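Q: I am new to this structure. Please take a close look at its largest nonpolar core and the parts around it.

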Amino acid sequence: MLVLALDTTTRTGSCALARDGHAIRELAGNPGPSHAEHLPGDLMRLLEAERVALDSVDVFAVATGPGSFTGMRVGIATMQGLAFAMGKPLVGVSGLEALARIGLAQAPEAHVATWVDAWRGEVYAALYHDGREAESPTVEHPTTVLERHRHRDRVLFIGDGARTFERLIHETLGVRASMAASVSPLLAGTIARMASDVIASGARPAAGTIRPLYVRRTDAELARDARTHQ
C-alpha cells in the first residue's frame, strides 16, 4: 500500500511517501513562499524522485490542523482534488496527534505536551499520555497551559510552539520539563504512517469527509459575530 501525505499546517510544511506503513522519503517544504505557490509541485517532485506514478498511489493523507488557516485550506484542497480525481481515499490526521506519536516514541512514560505556535502570544496545545489524549486541543496563553502541568512529574514538549516558549517552559516547570530531540519535526512521514494504520483498520474515508481542525475561530467568524452584536 502506497500513501502520499502532505502537511501544510506549519511554516515549512512537508510531504512524504510511505509504503506498507514505512516512510520511504520525506521532503521539507520551502519556508519562504506560501504553500499555494509550491503545490502540487512539491508532491510531483517527491513522486518523481521515487519514480512513482500518481496513479500508483493507493491512499492520500493530509494534516487537518491546527495551524495556519490558509495553509490548512490549501493543503486539504490540494489533497482532496487529487483523491477525487484518482478515486482514492483521503485520511485526515491532526498535526497534534502526529506530534504526540513522535513524542511518545521518545518518552513512552512521560506526558507529551504538543504545542503549535498560534501566534498572538498563544499556542495550540494538547496533552497525551500512555498513547491517549489526556487534554483536548485548546488555544491559550502558554502560562495558562503550564499551570495545569505543575503537578506532573515529567512532561516532554514538542512542536514549534514549544521551541518559541522554551525559556518560559523551563522557568515554570524546571527539571520536570524536557524538549523532544527534534522540537519541531517534519510531520508528513508520521502522517503517512498513521494513515496506513487507519486504512489497515478497514476504514476508507472519502475525500469529502475531511474537516479542518481550527481550534481557534477564524477572524472572519469573529468579525461576523461582532457585526451581529453591534
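A: A nonpolar core is a set of buried Ala, Val, Leu, Ile, Met, Phe, Trp, Tyr and Cys residues joined through side-chain atoms within 4.5 Å. Buried here means under 20% relative accessible area. The model is predicted.

The largest such core has 33 residues. V3, A61, V91 and I191 have the most contacts inside it. Helix α3 gives the largest share of this core, six residues.

Take V91. Leaving out residues up to four places away in sequence, V91 touches V59, F60, A61 and V62. V91 also touches A195, V198, I199, P205 and I210.

Another core lies apart from the largest one. This other core has 21 residues, among them V74, I76, A83 and L90.

Now to V3 and its strand. Six of the six residues of β1 (residues 2-7) are buried, so this strand is largely enclosed by the rest of the structure. In a regular strand, side chains alternate between the two faces of the sheet. Both faces of β1 are covered. L2, L4 and L6 are buried on one side. V3, A5 and D7 are buried on the other.

β1 has two partners to look at here. Strand β2 (residues 14-19) pairs with β1 in the antiparallel sense, over six bridges. D7 has S14 of β2 as its bridge partner. The two strands form a hairpin, with six residues between them. In the turn, G13 has a positive phi of about 75°. Strand β4 (residues 59-63) runs parallel to β1, and four bridges join them. V3 stands opposite V59 of β4. V59 is also one of the residues that V91 touches.

Next, the surroundings of α3. Five strands form an open sheet with mixed pairing, in the order β8-β7-β6-β9-β10. Its edge strands are β8 (132-140) and β10 (177-179), and each pairs on one side only. On average, neighbouring strands are turned by 20° against each other, direction ignored. Helix α3 (residues 95-106) packs on this sheet and touches β6, β7, β8 and β9 (155-158). The direction of α3 makes about 140° with that of β6. Helix α6 packs on the sheet too, touching β6, β9 and β10. The direction of α6 makes about 155° with that of β10.

Within the sheet, β6 (residues 111-117) and β7 (residues 123-129) pair in the antiparallel sense over six bridges. A125 of β7 is the bridge partner of W115.

Methods: Residues are numbered from 1 along each chain as its sequence is written. This is a predicted model: local features need pLDDT of at least 70, side-chain atom pairs count only at pLDDT 80 or more; totals for chains, interfaces and linings use all residues. Side-chain values use heavy atoms; hydrogens and water are left out. Two strands pair if DSSP finds at least two bridges between them. Axes are lines fitted to C-alpha atoms, for helices over the stretch in contact, and angles run from 0 to 180 degrees between N-to-C directions. Contact means heavy atoms within 4.5 Å. Buried means under 20% relative accessible area, exposed over 50%, partly exposed in between (1.4 Å probe, protein chains only).
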